[in-house]
Protein chains: 2
Amino acid sequence: MVQETKPWEILKEYMQSESTHEIKTYLAQLTTEDVVATVSHLNEQQRLTLLSLLTPEEAAELIDDIPSVQAAKLIEEMNSKEASAIIAELPSDDQADFLGEIPEKNAEAIMQEMPQKEAENVRELIRYDDDTAGGLMVTEFLVFEEEVTVGEVVEDLQSNADRYEKYNLQYIYVTHIGQFSGVLNMRTLLLSKPTVLLSEIVLRSALTVKDKDPLEDLINFFDTNDFYGVPVVDDRLQLKGVVLRKDLREAQAEQENVEHLETQGIVGGEELRTMSVWLRARRRLSWLSVNILLNIAAASVIAVYQDTLSAVIALAVFLPIISDMSGCSGNQAVAVSLRELSLGVIRPFEVARVWMQEVTVGLLNGLVLGMLIGAAAWIWKGNVYLGLVVGGALSINTLIAVSLGGTIPLILKRMNVDPALASGPILTTVTDMFGFFLALTFAGTMLNSL
Amino acid sequence: MVQETKPWEILKEYMQSESTHEIKTYLAQLTTEDVVATVSHLNEQQRLTLLSLLTPEEAAELIDDIPSVQAAKLIEEMNSKEASAIIAELPSDDQADFLGEIPEKNAEAIMQEMPQKEAENVRELIRYDDDTAGGLMVTEFLVFEEEVTVGEVVEDLQSNADRYEKYNLQYIYVTHIGQFSGVLNMRTLLLSKPTVLLSEIVLRSALTVKDKDPLEDLINFFDTNDFYGVPVVDDRLQLKGVVLRKDLREAQAEQENVEHLETQGIVGGEELRTMSVWLRARRRLSWLSVNILLNIAAASVIAVYQDTLSAVIALAVFLPIISDMSGCSGNQAVAVSLRELSLGVIRPFEVARVWMQEVTVGLLNGLVLGMLIGAAAWIWKGNVYLGLVVGGALSINTLIAVSLGGTIPLILKRMNVDPALASGPILTTVTDMFGFFLALTFAGTMLNSL
């Protein structure tokens with residue numbers, strides 16, 4: 001195997017020799033993937049040094065490429081003057097996201113350095129919830145009053161071409177005394193005579209969304225309407241911004257990701273290993289320490305039946321198996337419920353329907369798993385009753401586990417508790433308790449045959 | 001609480017009374033979300049009936065809204081004439097996806113009903129892997145030879161406006177004797193004189209991708225280039241299709257979803273509860289039955305130390321706790337590794353680096369969890385040695401679990417084994433074994449004090 005030099009090693013060398021020009025040229029020719037990996041291999045001080053070597057525009061591009069938790073941390077650590085120069089190069093929705101994520105003190109210092117109008121704009125955006133139209137919209141869009149002519153618009157577009165470069169140029173939005181009146185696509189504009197007023201050609205039936213509309217409504221909207229973006233208005237029909245389809249997909253992916261990390265016990269947003277050890281350990285512990293208490297509670301069932309266990313010590317081998325397998329079966333049902341909820345094929349109130357659909361799968365799989373474990377116990381100890389006890393316990397407990405696993409997410413959702421986070425721990429605690437209880441009481445009734 | 005009538009109940013009533021007109025009007029005014037839920041509440045026969053009442057265009061819209069596994073099943077069950085009429089209304093990439101997903105016999109029957117040229121086109125698309133440019137591209141795009149004039153193009157656009165309606169009309173692609181030569185955006189076209197030849201205005205530096213390029217490369221491409229779509233060429237530079245940004249995001253989300261379902265033991269793609277019980281039970285069992293064998297192997301460690309356990313029966317209470325908690329800690333590390341791999345901040349060969357970053361978290365969390373469980377054991381039995389045994393075992397095993405959890409996904413990835421699927425079972429088996437072994441051997445050495 002040829003040992004190729006890693007991109008981060010090359011970059012670190014350039015940084016050591018402070019050859020700014022080489023750094024820029026090298027970064028520019030890396031793929032996004034390599035940029036992400038390279039930045040992750042620098043420590044925080046090196047990252048800050050790197051950013052300071054780049055122009056604000058280049059730095060903004062880098063900030064845009066790397067994971068957003070990393071980017072926010074960098075913006076937080078930079079001095080506010082440098083940070084505001086980089087922030088200025090980002091689209092307004094990203095500006096608000098980053099400034100909303102870092103401590104308020106730092107955000108305030110950065111906004112002090114920004115042009116007043118831009119700072120006000122960002123302050124307004126930060127106030128919106130992340131997962132609403134207001135939180136997702138950009139404020140870079142083209143807007144003209146109705147009584148402007150096509151010629152004036154074209155002239156404005158040409159003379160401000162530089163500034164408009166990062167705008168979404170698919171549509172022009174038209175207002176009447178500040179209130180939204182409609183849209184115009186570029187083609188219509190280009191094909192109209194210069195003397196025509198916008199009021200004559202504006203499409204007035206254009207759809208809008210409200211600034212407080214939640215992410216789900218927007219996803220719905222873009223599913224039914226094949227638009228590139230949709231104008232956002234407030235309660236007084238003032239045009240506030242534009243939600244772009246691409247930003248929506250990102251927000252949705254982000255939301256799903258958080259959900260999936262939560263089911264695995266990663267709480268409080270994304271964890272990257274480049275974060276501080278203390279933060280990572282603390283966050284993971286917050287979930288583990290609740291879990292260990294639940295575990296102790298579940299295992300206390302075993303303590304109650306210690307005498308039975310002493311009499312049939314072989315059972316101790318099977319208790320962890322019953323606990324683990326029931327957890328697995330239940331978690332499969334949890335995963336399907338979470339997915340069906342997010343797809344919209346089930347609603348939170350349909351507990352009975354989901355249960356009906358799980359119970360047959362639970363019966364079948366419980367039977368198969370119970371027979372497997374029962375056979376193993378029978379063969380090992382040559383005692384058919386031991387097989388019946390552990391097989392029966394696992395069969396019944398699998399049924400309980402899938403019933404609970406399927407329905408708990410729906411019940412939590414109705415109680416406004418995050419189902420991705422809480423379903424797993426609740427499920428395993430209850431199924432552990434039932435599993436231990438079933439195995440040990442079955443054993444208790446057959447004590448003479450075991 | 002007011003009992004509102006559910007949309008599916010309303011629709012079922014309309015279907016019972018066979019009022020086609022009402023059904024259409026009612027469906028048309030439902031949100032996508034309600035359509036998805038409603039269709040999920042019909043059984044397969046009712047779904048087929050519903051589709052047969054709609055025009056092919058309406059049916060295609062419905063097919064597009066519902067989860068794709070549901071849609072594929074319906075296409076499979078329909079008679080081939082009806083199915084081909086609906087398929088004809090879909091974009092070419094969806095046509096290929098659906099026909100690639102259903103049994104070959106049914107797909108062949110449907111393609112027999114399609115116009116020969118379209119069928120050939122789909123046959124070619126099906127041959128590409130799903131996650132390559134060829135598998136993701138659409139074949140609806142505008143292409144003209146270089147020696148055509150602007151006037152001729154505009155005329156063609158106008159006279160074929162109907163047919164082009166579902167095309168991506170952002171760009172026009174230009175070829176020279178079939179080979180790709182460049183792109184033209186609509187604006188340039190509209191602003192050029194009718195007599196100008198395309199060869200004079202075509203942008204020749206346009207970027208392309210190869211038909212065999214994998215999804216990751218395409219994501220990279222769209223991350224660095226702010227295009228709406230990119231032309232796809234084969235090895236001989238023949239223009240084969242266009243990959244649209246939106247299709248890419250969907251494919252990426254799909255890939256991540258499958259990965260997350262796999263970590264929870266849902267194998268073989270999406271599971272919806274409307275699928276047959278047998279299929280669902282079988283798929284879940286395929287994963288559970290491997291797991292139970294691994295579980296039995298792990299628990300056999302307990303059997304080896306039965307004598308120790310008999311002497312200190314209290315330990316039996318703690319074995320499931322040690323097993324479960326180590327699994328949780330390890331799975332957190334697995335989740336972070338899977339996420340970091342998909343973000344690109346770590347590469348599969350960086351096992352040592354990841355381990356270094358996990359080991360401190362493992363030490364810290366192991367210490368805390370060990371002290372918690374140790375204290376619980378000490379208090380319960382009033383025996384500090386029991387506390388030391390179970391606390392020590394959990395501490396060390398947490399360290400082992402995060403070390404393995406962090407690195408196993410990378411190792412599996414290097415071995416080309418799907419890390420989402422295999423990491424969990426391997427992790428829990430090994431940590432169970434170590435956990436039981438540690439607790440029982442520690443107990444063995446302190447047997448006199450316990």
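Let's start with the cavities. This is a predicted model, and the structure holds eleven cavities of 30 Å³ or more. How much space lies in the largest cavity? About 610 Å³.

Now look at its walls. The largest cavity is lined by 33 residues. Nearest its centre lie A:Cys328, A:Asn331, B:Gln264, B:Asn331 and B:Thr428. Helices from chain A and chain B supply the lining. From chain A, helix H18 (277–304), helix H20 (315–343) and helix H23 (419–445) each supply at least two residues. From chain B, helix H18 (277–304), helix H20 (315–343) and helix H23 (419–445) do so too. Which helix gives the most? H23(B), with seven residues. By class, the lining has 18 polar, eleven nonpolar and four charged residues.

Next, the second largest cavity. Its volume is about 80 Å³. Chain A lines it with A:His260, A:Thr263, A:Val334, A:Ala335, A:Leu338 and A:Arg339. Chain B lines it with B:Asn257, B:His260, B:Leu261 and B:Gln264. The elements giving two or more residues here are helix H17 (245–263) and H20 of chain A, together with helix H17 (245–263) of chain B. H20(A) gives the most, with four residues. The classes in this lining are four nonpolar, five polar and one charged.

On to the pockets. The second largest pocket holds about 790 Å³ of space. It is lined by 26 residues, and the closest to its centre are A:Lys117, A:Asn121, A:Thr139, A:Glu140 and A:Tyr167. Several elements of chain A each supply at least two lining residues: helix H8 (92–101), helix H10 (116–127), strand S1 (143–145), helix H13 (161–164) and strand S6 (239–244). H10(A) provides the largest share, six residues. This lining divides into 13 nonpolar, five polar and eight charged residues.

How are the two chains related? A rotation of 180° with 0.0 Å of shift along its axis superposes chain B on chain A, with an RMSD of 0.0 Å. That is the relation of a two-fold axis. Which C-alpha of chain B is nearest the axis? That of B:Pro320, 2.4 Å from it. The same surface serves both copies, and 100% of the contact residues of chain B recur in chain A.

Now the core. In soluble globular proteins, nonpolar side chains tend to be buried together. Here the largest nonpolar core has 68 residues. Those touching the most other members are A:Leu309, A:Leu315, A:Phe318, B:Leu309, B:Leu315 and B:Phe318. Take A:Leu309. Beyond its neighbours within four places in sequence, A:Leu309 is in contact with A:Ile302, A:Leu315, A:Ala316, A:Leu319 and A:Leu440. A:Leu309 also contacts B:Ile313 and B:Ala316 in the other chain.

Last stop, helix H6. In chain A, H6 spans residues 68–77 and includes A:Gln70. Buried or exposed? A:Gln70 has a relative accessible area of 4%, and buried means under 20%, so A:Gln70 is buried. Leaving aside neighbours within four places in sequence, A:Gln70 is in contact with A:Val39, A:Ser40, A:Arg47, A:Leu272, A:Thr274 and B:Val345.

In chain B, the buried residues of H6 are B:Gln70, B:Ala71, B:Ala72, B:Leu74 and B:Ile75. What covers them? The cover includes helix H3 (32–40), helix H4 (44–53), helix H5 (56–65), helix H7 (80–87), helix H8 (92–101) and helix H9 (104–113) of chain B.

Note on methods:
Residues are numbered from 1 along each chain as its sequence is written. Chains are lettered from A and ligands numbered from 1 in the order in which they are written. This is a predicted model: local features need pLDDT of at least 70, side-chain atom pairs count only at pLDDT 80 or more; totals for chains, interfaces and linings use all residues. Side-chain values use heavy atoms; hydrogens and water are left out. A nonpolar core is a set of buried Ala, Val, Leu, Ile, Met, Phe, Trp, Tyr and Cys residues joined through side-chain atoms within 4.5 Å. Buried means under 20% relative accessible area, exposed over 50%, partly exposed in between (1.4 Å probe, protein chains only). Contact means heavy atoms within 4.5 Å. Copies are superposed by least squares on the C-alpha atoms of residues with pLDDT of at least 70 in both. On a 1 Å grid over the protein atoms alone, a cavity is a set of points where a 1.4 Å probe fits but cannot get out, and a pocket is an open set with protein on both sides within 12 Å along at least five of seven lines; lining residues have an atom within 4 Å of a point. Grid points are joined across faces, edges and corners, and a volume is the space filled by probe spheres set on the points. Ala, Val, Leu, Ile, Met, Phe, Trp, Tyr, Cys and Pro count as nonpolar, Asp, Glu, Lys and Arg as charged, and the others, Gly among them, as polar.
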